Amino acid sequence: MSSSGEHSGMDPVERLRALSGAAPPDEAERRMIRGALERADQPSTLARPWLVWPAVALAAAAGLALLLLRTPRPEKLSPIAAPQQQLRETRQAPETVAVGPHRVELAARSRLRLTRSDPRQVRAVLERGRARFAVQRLNGGSFEVESNGILVQVVGTRFTIETTADCTRVEVSEGRVSVSDGQHAVLLTRGDERLFCSRVVSSSASALPGEAMMREAMTLAGRGELAPMVRLLESYLSRYPGGVFEEDALFHLCLARARLGQRERAAELARTFERRFPQSRRAERLRDLLSEGGP
Amino acid sequence: MDLIERCKSGDASAQRELVETRTRQVYRWAVLLGVRPREAEDVAQEVLVTALRRIARCRSQAVATSWLYQITRRIVANQRRLAWFRRVLLTQEPERAAFGHVNARGMEEELDLRRFLDRLPRKLVEVLMLMEVEGFTRDEVAEMLQLPAGTVASRLRLAREAFRAVAERAPAREARQKLSWRAR
């Protein structure tokens, strides 16, 4: 029996291959780079061995003291909704409810249904109105809210969802959320506000949102309209630095420049791509294409 | 001059480029070799600092990846000894994802795969990780692990079988999740 319903039937080794190119969160990566460069400038502690053994002795003594003093902590469960409180509906006044360690501010005339809740897995459906969610650190758990066929998956944040008959507005105050319609996922970060109506993604800003820009760029590529495609991809990269489609955008931009005969620009983009995504197999493809004289 | 030669000559921008282009890879190696995410950050930093300080020992750009991996192996082995010590002393940290994901399903999948890898012998994990995830060839892995190519091939076969067996035996994720009501 497969370990996961979604991957039932898929070879586990294939699933493992999907980790190829996996990267740490951006903030962690920046920390590692900064730390490595700073430390590389400092002399090695082994150059000062008189520091090492006293430090080891001190650490051992501290460890022993900690072992003797520390008592096991019982796992603490936060209060969560009881079965009879799965549905919360407000009338004239707003209400704040607790779902485990998380808080939900339900606006007036709103209805929220909890479909799953344990200390680490929360899933709710916003059936009507508006709700503001303050989600605590998940530590590997999940917090998901569904509305009008849209699924908002939390990566530790504060966000607001508002639903009407056909559309759902998602606004992120802090952190990040992933919003998907079952086929595509869009990552929203602090300050983003988007309206999702059925399968059409629109934005409160006048420009197209990232995913729609990428789809449009691919459509232009299919029609051979490379110049507008290049403009759109550059606009995406400028608007969404480090965005979820950055690798695709950079890759296709490089190809398009090469096809337009702009080989120097294409080579520069290929170098940028390789720096940003050194483990991507596309980096090798770009090198091969440019060395062969272009796609 | 290639990147390694430029680093050896003391070129600061080359050293920065080495760190920036290798951080993700080294971090990923550490995580897949069983290091927790928080410690994997320390391991990755340690590997890169060591690499910069000992850059003169890297023979060429061609063997840079193999050389980096050997540094990573040593530091991961040291870290695992320390991690055992920490587990004796401290309450175990809750599990968390090591990589960036755009949705919770991606996170869950990563945690599952890492749990499966944790159940395999270390020597099988190395070969599986280097060939199936990192995409190195058998000969490249043989060079990195200082093993005959035939040994790498047989370990890969065993690793795949063992990984599939562990994955198949694991309970379905849906079955593991249960409603747990404090009020009950």
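Chain A of this predicted model has eight helices and 11 strands. Of its 295 residues, 41% count as buried. Now look at how its contacts are spread along the sequence. Take the contacts in chain A with a separation of 6 or more: residues 24 or more positions apart account for 36% of them.

Chain B is built from helices. There are nine of them, and zero strands. Read along the sequence, the pattern is α-α-α-α-α-α-α-α-α. Chain B has 184 residues, and 51% of them count as buried. Among the contacts in chain B with a separation of 6 or more, 65% join residues 24 or more positions apart.

Stay in chain A for one detail of the backbone. Most residues other than glycine have a negative phi. A:Arg109 is not a glycine, yet its phi is positive, about 55°. Where does A:Arg109 sit? Its place is in the loop between strand 3 (102-106) and strand 4 (111-117) of chain A.

Next, see where the two chains touch. Helix 2 of chain A covers residues 26-41, and helix 2 of chain B covers residues 12-32. These two helices pack at an angle of about 135°, with their axes 10 Å apart. That angle makes helix 2 of chain A oblique to helix 2 of chain B. Their crossing is right-handed. Which residues make this contact? From helix 2 of chain A come A:Glu29, A:Met32, A:Ile33, A:Ala36 and A:Leu37. From helix 2 of chain B come B:Gln15, B:Arg16, B:Val19, B:Glu20, B:Thr23, B:Arg24 and B:Tyr27. By class, the residues of this contact divide into six nonpolar, two polar and four charged.

Two residues from that list, A:Ala36 and B:Val19, lead to a residue in another helix. Both are touched by B:Leu48. B:Leu48 is found in helix 3 of chain B. Leaving out residues up to four places away in sequence, B:Leu48 touches A:Ala36, B:Val19, B:Arg22, B:Thr23 and B:Val26. B:Leu48 and B:Val19 are 29 residues apart in sequence. In space they are 6.3 Å apart, C-alpha to C-alpha. Is B:Leu48 buried or exposed? Its relative accessibility is 1%, so B:Leu48 counts as buried. The cut-off for buried is under 20%.

Helix 3 of chain B, residues 37-53, deserves a look as a whole. The helix is mostly covered: 13 of its 17 residues are buried. Its length can be checked too. At 1.5 Å a residue, its 17 residues should span 24 Å. The end C-alpha atoms are 24 Å apart, which agrees. B:Arg38 is also found in helix 3 of chain B. With a relative accessible area of 47%, B:Arg38 is partly exposed. B:Arg38 and B:Arg96 are 58 residues apart in sequence, but 9.2 Å apart in space, C-alpha to C-alpha.

Move further along chain B, to helix 6 (residues 122-133) and helix 7 (residues 138-145). Their axes come within 10 Å and cross at roughly 135°. Helix 6 and helix 7 of chain B are therefore oblique to each other. The crossing of these two helices is right-handed. Helix 6 of chain B brings B:Glu126, B:Val127, B:Leu130 and B:Met131 to the contact. Helix 7 of chain B answers with B:Arg138, B:Val141, B:Met144 and B:Leu145. By class, this contact has six nonpolar, no polar and two charged residues.

Helix 7 of chain B also packs against helix 8 of chain B, residues 149-169. Here the angle is about 105°, and the axes are 9 Å apart. How do the two helices lie relative to each other? Helix 7 and helix 8 of chain B are roughly perpendicular, because angles from 65 to 115 degrees count that way. The contact is made by B:Arg138, B:Asp139, B:Val141 and B:Ala142 of helix 7 and by B:Ala149, B:Val152 and B:Ala153 of helix 8. These residues divide into five nonpolar, no polar and two charged. B:Arg138 and B:Val141 take part here, and they also meet helix 6 of chain B.

One residue remains, in the loop between helix 7 and helix 8 of chain B: B:Gln146. Its phi is near 55°, a positive value in a residue other than glycine. B:Gln146 has 59% relative accessibility and therefore counts as exposed.

Technical notes. Residues are numbered from 1 along each chain as its sequence is written. Chains are lettered from A and ligands numbered from 1 in the order in which they are written. This is a predicted model: local features need pLDDT of at least 70, side-chain atom pairs count only at pLDDT 80 or more; totals for chains, interfaces and linings use all residues. Side-chain values use heavy atoms; hydrogens and water are left out. Axes are lines fitted to C-alpha atoms, for helices over the stretch in contact, and angles run from 0 to 180 degrees between N-to-C directions. Helices (H or I, at least four residues) and strands (E, at least two) are DSSP runs, numbered from the N terminus. Angles under 35 degrees count as roughly parallel, over 145 as roughly antiparallel, 65 to 115 as roughly perpendicular and the rest as oblique. A crossing is left-handed if the near helix is turned anticlockwise from the far one by less than a right angle, and right-handed if clockwise. Contact means heavy atoms within 4.5 Å. Ala, Val, Leu, Ile, Met, Phe, Trp, Tyr, Cys and Pro count as nonpolar, Asp, Glu, Lys and Arg as charged, and the others, Gly among them, as polar. The expected span of a helix is 1.5 Å times one less than its number of residues. Buried means under 20% relative accessible area, exposed over 50%, partly exposed in between (1.4 Å probe, protein chains only).
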